[in-house]
Amino acid sequence: MADFYYSFDNSSQERYIPKFKEYDSLLNVASGFDIFYNAKTTTHITEGEDSITILGYVYKLKSGIEAYLSDLLLNFKEERIAEAKKELLGQYTAIIYKGGKIYLFSDFLQTRCIFYSIADKSVCSSFASLGAVPTDEYKAFEFLAMRHCIYPVWLGNTTIDDKIKRLRAFEYLKIDEKTGELSVEGIQVTIDNRKVDSLKEIKALTLSLLRDAIHHPAIQHKKIGSTITGGFDSRFVTSLAKEYYPDLNLRISTFKGEKSLDFTIATEVAKALSLPLKIYETDLEKQKGDFYDLSDGLTPRENSIMMELFQHTTDYDLGFGGAYGTELYTTAEFETKEEWVNAFLDKVKHAVKAPSEYYKRFEQSLYSDLEAVEKHYLLKEHNPKDLMRIFRLLVTGFFSSQVVATYNIHGLQYELFGTYPVIETGLKIPYKYLGSKLTFGRFYMIPKALVATINPKVSKINTTHFCPMCPLSVFSLIPYVSGKLKGKQYYKNLAKTQAGKEERLTYHSDNIQYTSNYWFEGFMLKYLSESKKP
């Protein structure tokens, strides 16, 4: 996807970190603004002295992307940024240089971070590259706490460093080239979440939109990779891609020498689809250091399983992933934001020991973020549960940003379920068709029904939930019931096998005490000073 670094005093040459050494090209788009990239990971268009640069994969439904970007640049107005975030599909960062001003924004879910320091007049896609120094211990607590709620992220726009902030999905950044002054502006996005009650109609609408969003004529006959696991989302994406791309290849990441349930199921899916499956084996001890450098230490250690795949994205012209599907196609657990916030607080109090003021600040931050979602995402139909789902999607986008960025250092990756039209259509699905993990057959109902339509053979293969991908029916009842029992026993035995064997890591300071498995090792090494094994 490429990275960028801006410094008003042109000090970027002094800030090169190992991540930037992964790139073979450098593009200067304005004074002090450098882009680091590899071939085929950027789109750059110029009009005289003005330019627009897209870092990462970008696609426009039913029209040429170059024509759209040229028009955006030529007729650019700040009001068009909200429109662009809705219309440009993919995971990307947009950098527009127009009339001595630089404008920065990312895709709809901000699935590519933009960090900035107003005091230092600097901006970067990499948090570590801004010379982050931990100064706010509460934010370390917040990062650890959110792991037990959704994913480890920071809430709001603040980070562990008081001077460095993060641009949020409903914001864009403007830089004055002459003065280096940075300003952050907000946008509002209208979302039509009015429910389509007819099951037949919502299935047809969802399938039609997904096909449009994944079928890209310019790359139809190029080599495409689809990452597969044993879950729902990757199989859904792969089934859609199989319809259109004749040179589709499946790929899976594993830890060297380890077998997993994901691998076993992925092998079955590949066989059913008659597609080749490429195995990328990561050597954890040899590669985790590089993984922490490339992901700024903000991604849990378990995600390092993909390191070998990250380094081989050049094997494909485009890769598909299955992120955000679970967040989009399942219901919110709670009816009100008060219930949800209280549930989060209960989880955090059990997981992380901290002063009462930290819990209070965490509670206030949750409410503040939910209020920001309501302010900037204008729903056609008021629905608190939909607002909570959007919040969850935004958190997932922030969490996945480091993975997406690392995927795209050498190639292009596309997360279909993270795009605006797909999200809007997902929000049209009535809750009776979404259910939850407790609703047995209705859980993930629409994707299951669509996979059963596209490829019945693939839909019958079990997932890591030990149920098939087809909807619950008279014919699938036995696999569902037996799978429920099998899954319960499998995870019970797995817990027994792992008990006492898993290494634990403890972080403690004057204010925080936290013990977990090694998921936060990268974060600890880069940003936490006092850590030890118990």
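Which helices each supply at least two residues of the lining of the largest cavity? In this predicted model, α11 and α12 do. The legends below start there.

**View 1. The largest cavity holds about 180 Å³ of space.** Its lining has 17 residues, and R166, R168, D369, L394 and V395 are the closest to its centre. Helix α12 gives the most, with 4 residues. By character, the lining divides into 12 nonpolar, 2 polar and 3 charged residues. The cavity count for the model is 4 at 30 Å³ or more.

**View 2. The second largest cavity has a volume of about 60 Å³.** Its lining is made of F143, P152, V153, W154, L298, F398, F399, S401 and Q402. Here too α12 appears, with the largest share, 4 residues. The lining counts 7 nonpolar and 2 polar residues, and no charged ones.

**View 3. Helix α11 covers residues 356-376.** At 1.5 Å a residue, its 21 residues should span 30 Å; the end C-alpha atoms lie 31 Å apart, which agrees. The buried residues are Y358, Y359, F362, E363, S365, L366, Y367, D369, L370, A372, V373 and H376. The elements that cover these buried residues include α3 (137-147), α10 (337-351) and α12 (384-407). Strands β12 (182-186), β13 (189-191) and β18 (377-379) are also among the covering elements. D369, buried in α11, is one of the residues closest to the centre of the largest cavity.

**View 4. The second largest pocket encloses about 600 Å³ of space.** It is lined by 26 residues, and K40, I219, K222, D317 and L412 lie nearest its centre. Strands β4 (42-47) and β5 (50-60) and helix α1 (65-74) each supply at least two lining residues. The largest share, 4 residues, comes from β5. The lining divides into 10 nonpolar, 12 polar and 4 charged residues.

**View 5. An open sheet of 6 strands runs in the order β2-β3-β1-β9-β8-β10, with antiparallel pairing.** The edge strands, β2 (25-30) and β10 (165-166), each pair on one side only. Within the sheet, β1 (residues 3-7) and β3 (residues 33-37) pair over 4 bridges. F4 stands opposite I35 in β3.

**View 6. Strand β15 (residues 248-255) is largely enclosed by the rest of the structure, because 8 of its 8 residues are buried.** In a regular strand the side chains alternate between the two faces of the sheet. L248, L250, I252 and T254 point one way from β15, and N249, R251, S253 and F255 point the other. Both sets are buried. Strand β14 (residues 224-227) pairs with β15 in the parallel sense over 4 bridges. T227 has R251 as its bridge partner in β15.

**View 7. Strands β11 and β12 form a hairpin with 5 residues between them.** In the turn, G180 has a positive phi of about 75°. β11 (residues 171-176) runs antiparallel to β12, and 5 bridges join the two. E171 stands opposite G186 in β12.

**View 8. F76 sits in the loop between α1 and α2 (80-87).** Its relative accessible area is 12%, so F76 is buried, the cut-off being under 20%. Leaving aside residues up to four places away in sequence, F76 touches D71, I81, I96, K98 and Y103. F76 and G100 are 24 residues apart in sequence, and their C-alpha atoms are 13 Å apart in space.

Terms used
Residues are numbered from 1 along each chain as its sequence is written. This is a predicted model: local features need pLDDT of at least 70, side-chain atom pairs count only at pLDDT 80 or more; totals for chains, interfaces and linings use all residues. Side-chain values use heavy atoms; hydrogens and water are left out. The expected span of a helix is 1.5 Å times one less than its number of residues. Buried means under 20% relative accessible area, exposed over 50%, partly exposed in between (1.4 Å probe, protein chains only). Contact means heavy atoms within 4.5 Å. On a 1 Å grid over the protein atoms alone, a cavity is a set of points where a 1.4 Å probe fits but cannot get out, and a pocket is an open set with protein on both sides within 12 Å along at least five of seven lines; lining residues have an atom within 4 Å of a point. Grid points are joined across faces, edges and corners, and a volume is the space filled by probe spheres set on the points. Ala, Val, Leu, Ile, Met, Phe, Trp, Tyr, Cys and Pro count as nonpolar, Asp, Glu, Lys and Arg as charged, and the others, Gly among them, as polar. Two strands pair if DSSP finds at least two bridges between them.
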